[in-house]
Amino acid sequence: MALTLYGSMGSRSPLVNWAAYELNVPLEMGDLGENPHPFGQIPSLKDDGGTVVFESGAILNYLQRKSDQNLDDKTMGFIFSWISWANASLDPICFLETPDGKVYDTGLKKPNKRIDTLDKMLSTSKFLMGETFTTADVAVASYLLYVPLFFRDVDLSRWPNVVRYMKDCVTRPAYGQAFTEQTQSLLLGLLENMGNGGDKKFLGLF
């Protein structure tokens, strides 16, 4: 069944592309003039049977179900829970908003107990589910990686395992396919430079 994604590089839709590449689920990009999202936002997704899914977390869940991965209920529950956590809990930590919804800073410039817990978890686990990369990592890593992309002065070195995790995720080929290799290289450089005083220059990138 053909799936059409309505989105753009300037939105959260590349994280949907990332998941689709990882899951080997083919997507085609749709005309934004035909976007079926009830509020006209992106991303949204539509299949050729007329099913419409909107909100990035819901779309990730849908792609997971559409993939040919034969996962048991325990694994599916794990993945769906982390996708929900990324949207409900991690997003408001990563992006501080004004009452009218405009992002003005990131909460990752200050200590955070939830990120402390995530860092501790990742001290003994390469990805959220041990050595296995899943759609849960797409959800969590996408939000984390947006932070240094938008706030170049942020230093996450207080959470070394989170930074290591971000490096492991950003270097995946599917990330470069979805977000562009230029963004991939920029982020890797920023992550490598954290804790070094920000002396490194990134000429020609953004």
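Is glycine 57 buried or exposed at 8% relative accessibility? With that value, glycine 57 counts as buried, and its surroundings are the subject of Figure 1. All views are drawn from a predicted model.

**Figure 1. Glycine 57 in helix α2 of the predicted model.** Helix α2 spans residues 56–66, and glycine 57 lies in this helix. The relative accessibility of glycine 57 is 8%, below the 20% limit, so the residue is classed as buried. When neighbours within four places in sequence are set aside, glycine 57 is in contact with Ile83 and Asn87. A further distance may be read from this view: 9.7 Å separates the C-alpha atom of glycine 57 from that of tryptophan 82, with the two positions 25 residues apart along the chain.

**Figure 2. Glycine 7 in the loop between β1 and α1.** The loop that holds glycine 7 connects strand β1 (3–6) with helix α1 (13–23). Glycine 7 has a relative accessibility of 12% and therefore counts as buried. Its contacts, neighbours within four places in sequence being left aside, are Ser13, Met29, Leu32 and Ile42. Leucine 45 is 38 residues from glycine 7 in sequence, and the C-alpha atoms of the two residues are 8.8 Å apart in space.

**Figure 3. The cis peptide bond between isoleucine 42 and proline 43.** Omega is about 5° for the bond joining isoleucine 42 and proline 43, which is cis. Proline 43 is placed in the loop between β2 (28–29) and β3 (44–47). Isoleucine 42 is also one of the residues in contact with glycine 7, the residue shown in Figure 2. As background to this view and the next, most peptide bonds are trans, and most residues other than glycine have a negative phi.

**Figure 4. Positive phi values at asparagine 24 and threonine 180.** Asparagine 24 has a phi near 60°, a positive value in a residue that is not glycine. This asparagine lies in the loop between α1 and β2. The relative accessibility of asparagine 24 is 62%, over the 50% limit, so asparagine 24 counts as exposed. Threonine 180 likewise has a positive phi, near 90°, and is a residue other than glycine. The loop between α7 (173–179) and α8 (181–193) is the place of threonine 180. With a relative accessible area of 32%, threonine 180 is partly exposed.

**Figure 5. Glycine 107 and lysine 109 in the loop between β6 and α4.** Strand β6 covers residues 103–105 and helix α4 covers 113–122; lysine 109 is placed in the loop between them. Glycine 107 has its place in the loop between β6 and α4 as well. The relative accessible area of glycine 107 is 17%, and glycine 107 is therefore buried. Lysine 109, at 33% relative accessibility, counts as partly exposed.

The contacts of each residue are given without residues up to four places away in sequence. On this basis glycine 107 is in contact with Ile93, Cys94 and Leu96, whereas lysine 109 touches Asp153, Val154 and Arg158. Two C-alpha distances complete the view. Glycine 107 and tyrosine 62, 45 residues apart in sequence, are 29 Å apart in space. Lysine 109 and glycine 176, 67 residues apart in sequence, are 26 Å apart in space.

**Figure 6. The protein chain and its C-terminal stretch, for orientation of the close-up views.** The protein chain contains eight helices and six strands, in the order β-α-β-β-β-α-α-β-β-α-α-α-α-α from the N terminus. Its radius of gyration of 17 Å is close to the 17 Å given by the globule rule for 206 residues, so the chain is as compact as a globular protein of that length. Along the principal axes, the C-alpha atoms fill a box of roughly 50 × 40 × 35 Å. Of the 206 residues, 48% are buried. Among contacts between residues at least 6 apart in sequence, 64% join residues at least 24 apart.

The mean pLDDT of the chain is 93, and 94% of the residues score at least 70. Over residues 198–206 the pLDDT is below 50, and this stretch has 13 contacts in the model beyond near neighbours in sequence. Where pLDDT is low, the predicted coordinates should not be read in detail.

Terms used
Residues are numbered from 1 along each chain as its sequence is written. This is a predicted model: local features need pLDDT of at least 70, side-chain atom pairs count only at pLDDT 80 or more; totals for chains, interfaces and linings use all residues. Side-chain values use heavy atoms; hydrogens and water are left out. Helices (H or I, at least four residues) and strands (E, at least two) are DSSP runs, numbered from the N terminus. The radius of gyration is taken over C-alpha atoms; the globule rule is 2.2 Å times the number of residues to the power 0.38. Buried means under 20% relative accessible area, exposed over 50%, partly exposed in between (1.4 Å probe, protein chains only). Contact means heavy atoms within 4.5 Å. pLDDT is the predictor's confidence in each residue, from 0 to 100.
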